[in-house]
Amino acid sequence: VFSTIQDTQNGKFTAGAVNYGVKDKGVDYALDENNKMLLTPDLTKKLDDLKTQITSGKIKVPDYYTQGKK
């Protein structure tokens with residue numbers, strides 16, 4: 001929503017579906033009072049490392065919306 005409003009204000013709005021992932025901060029893991037006891041500092045470090053590898057392109061995450069479509 002924020003990006004759509006920002007694009008509209010800047011005169012750059014285009015209609016259509018937009019997919020956000022880890023790089024765009026549209027997908028992430030949640031860390032709050034309900035699960036913080038489950039995520040150790042080592043696990044959090046590993047998750048952050050994986051996010052960095054996904055963002056850099058070192059790890060390629062399959063796109064299940066387009067996978068198998070031609």
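Me: How many helices and how many strands does the protein have?
Reply: The model is a predicted one. Helix 1 covers residues 2-9 and helix 2 covers residues 41-56. The full tally for the protein is two helices and zero strands.

Me: Is the protein a compact globule or more spread out than one?
Reply: For 70 residues the globule rule gives 11 Å. The radius of gyration of the protein is 16 Å, well over that value, so the protein is more spread out than a compact globule.

Me: What box do the C-alpha atoms of the protein fill, taken along the principal axes?
Reply: The radius of gyration, 16 Å, is well over the value from the globule rule. Along the principal axes, the C-alpha atoms fill a box of roughly 45 × 35 × 20 Å.

Me: What percentage of the residues of the protein count as buried?
Reply: A residue is buried when its relative accessible area is under 20%. Thr44, which lies in helix 2, counts as buried at 17% relative accessibility. Of the 70 residues of the protein, the share that counts as buried is 6%.

Me: What part of the area that the protein exposes do carbon and sulfur atoms supply?
Reply: The protein exposes about 6,600 Å². Of this area, the part supplied by carbon and sulfur atoms is 56%.

Me: How far apart are the mean positions of the positive and negative charges of the protein?
Reply: The protein carries 11 positive and 9 negative charges. Taking the mean position of each set, the separation is 8 Å.

Me: Which side chain meets that of Asp28 in a salt bridge?
Reply: Asp28 is exposed, with a relative accessible area of 52%, and lies in the loop between helix 1 and helix 2. Its partner lies in helix 2, so the pair ties together parts that are 23 residues apart in sequence. The N to O distance is 3.1 Å, and the partner is Lys51.

Me: Which residue of helix 2 lies three residues from Lys51, about one turn of the helix, and forms a salt bridge with Lys51?
Reply: Lys51 is partly exposed, with a relative accessible area of 24%. The partner in helix 2 also counts as partly exposed, at 33% relative accessibility. The closest N and O atoms of this salt bridge are 3.9 Å apart, within the 4 Å cut-off. The residue is Asp48.

Me: Which residues do salt bridges with shared partners join into one network?
Reply: The count of salt bridges comes to two. One is formed by Asp28 and Lys51, and another by Asp48 and Lys51. The network therefore consists of Asp28, Asp48 and Lys51.

Me: How far apart are the end C-alpha atoms of helix 2, and what span should its residues have?
Reply: Helix 2 has 16 residues, and at 1.5 Å a residue these should span 22 Å. The distance between the end C-alpha atoms agrees with this expectation, at 22 Å.

Me: Which residue just after helix 2 takes a positive phi?
Reply: Helix 2 covers residues 41-56. Just after this helix, phi takes a positive value of about 95°, and the residue is Gly57.

Me: Which residue has a positive phi although it is not a glycine?
Reply: The residue lies in the loop between helix 1 and helix 2. It counts as exposed, at 77% relative accessibility. Its phi is about 65°, and the residue is Lys25.

Me: What distance separates the C-alpha atoms of Lys36 and Thr14?
Reply: Lys36 is found in the loop between helix 1 and helix 2. Lys36 is exposed, with a relative accessible area of 53%. Lys36 and Thr14 are 22 residues apart along the chain, and their C-alpha atoms are separated by 39 Å.

Me: What distance separates the C-alpha atoms of Ile54 and Lys12?
Reply: Ile54 is found in helix 2 and counts as partly exposed, at 28% relative accessibility. Along the chain, Ile54 and Lys12 are 42 residues apart. The separation of their C-alpha atoms is 28 Å.

Notes. Residues numbered from 1 in each chain as written. Predicted model: local features only at pLDDT ≥ 70, side-chain atom pairs only at ≥ 80, totals over all residues. Heavy atoms only, no water. Helix = DSSP H or I, 4+ residues; strand = E, 2+ residues; numbered from the N terminus. Buried < 20%, exposed > 50% of the residue type's maximum accessible area, 1.4 Å probe, protein only. Rg over C-alpha atoms; globule rule 2.2 N^0.38 Å. Areas by Shrake-Rupley, 256 points an atom, 1.4 Å probe, with all protein chains shown as cover. Lys, Arg positive; Asp, Glu negative; His and termini not counted. Charge placed at Lys NZ, Arg CZ, Asp CG, Glu CD. Expected span 1.5 Å × (residues − 1).
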